[in-house]
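Hi,

Here is the structure I promised to pass on. Have a look at it first, and then read my notes underneath.

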Amino acid sequence: MQVGLLYSRIRKDEKLLLAELRDRGHEVTKIDVRKETFDLTDAPDTFENLDLVIDRCLATSRSLYATQFCEAYGIPVVNSHETADICADKVKTSLALAGAGIPTPATKVAFTTKSAMEAIESFGYPCVLKPVVGSWGRLMAKIDSKSAAEAILEHKATLGHYEHKVFYVQEFVDKPGRDIRVLALDGEPVAAMARHDDHWLTNAAKGAETTTFELDSEAESLVEQASDAVGGGLLGVDLMETDSGYTIHEVNHTVEFKALNEAVNLDVPASVVDWLESKVGMEVVA
């Protein structure tokens, strides 16, 4: 198959994927979105004859527009614009999960510092303030006191970007020193790892220790439901363990898998390419 890879930087995740695709004899066109222009009706020459496009853009804005253009050109894209649009925005993700009846941390959204403070006070301390768009645990704050809340809200209120005027406040989940990352392909869990850290943020990008994790039937079912809720695709679903069961706090649409590949006894890139090949097969049959 002929595959286009949208990117702005080739990381280890993309290198693993590219190596697997090329080892199987697939023709890959790397498309640096920083160098492309997108016409409203005609696809750029680099998109000619592609069977599938894989979105690996780092910037959310590029991902959202590039996937929409691919669909306008009639080129299948992983992940779809619908999935990218939901997963890129924490508010939309939370609404999708809650609307599907999936356990997710209690969340409130406010548009002024006053109403945000009211939301924070309603949760009590600690609680968590997150940016609506962001990854790798950046700009997330665990708020332990009213004075800390006031300071953080003042800083966000003075920042220029409109997204900082949307205050996403969430309950603090007292997890057991770890959370769980699951790689799922259209809702089917492929592999899972636990990310351990003494810090309240347990992101692999921030240095958390990773170990393989065996999913039980409850977790598998929730991963499938979460995938359906956001539109399916190649996803990283993040769960936390609570006294009442699992809660899903995030679904990632340009999921990184290098740490997972090292933590589990499975060739993750090979599983992803197996799935991509099946997606192209379905397109050909249709």
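**The sheet, its helices and a pocket**

Let me start with one pair of residues: Lys 130 has Tyr 168, in β8, as its bridge partner. Keep in mind that this is a predicted model. The two strands around that pair are β6 (residues 127-130) and β8 (residues 167-171), which run antiparallel and share four bridges.

Zooming out, those strands belong to an open, four-stranded sheet with antiparallel pairing, in the order β5-β8-β6-β7. At the edges sit β5 (107-110) and β7 (141-143), each with pairing on one side only. From one strand to the next, the twist averages 25°.

Two helices go with this sheet. Helix α5 (residues 113-123) lies across β5, β6, β7 and β8, and it runs at about 5° to β8. Helix α6 (residues 146-158) also packs on the sheet, where it touches β6, β7 and β8. The direction of α6 makes about 145° with that of β7.

Now for the second largest pocket, which has a volume of about 280 Å³. It is lined by 16 residues, and the ones closest to its centre are Leu 64, Asp 89, Val 133, Tyr 162 and Glu 163. Which helix gives the most to this lining? That would be α2, with five residues. Helices α2 (60-72), α3 (81-87) and α4 (90-99) each supply at least two lining residues. As for chemistry, the lining of this pocket splits into eight nonpolar, four polar and four charged residues.

Cheers

Methods: Residues are numbered from 1 along each chain as its sequence is written. This is a predicted model: local features need pLDDT of at least 70, side-chain atom pairs count only at pLDDT 80 or more; totals for chains, interfaces and linings use all residues. Side-chain values use heavy atoms; hydrogens and water are left out. On a 1 Å grid over the protein atoms alone, a cavity is a set of points where a 1.4 Å probe fits but cannot get out, and a pocket is an open set with protein on both sides within 12 Å along at least five of seven lines; lining residues have an atom within 4 Å of a point. Grid points are joined across faces, edges and corners, and a volume is the space filled by probe spheres set on the points. Ala, Val, Leu, Ile, Met, Phe, Trp, Tyr, Cys and Pro count as nonpolar, Asp, Glu, Lys and Arg as charged, and the others, Gly among them, as polar. Two strands pair if DSSP finds at least two bridges between them. Axes are lines fitted to C-alpha atoms, for helices over the stretch in contact, and angles run from 0 to 180 degrees between N-to-C directions. Contact means heavy atoms within 4.5 Å.
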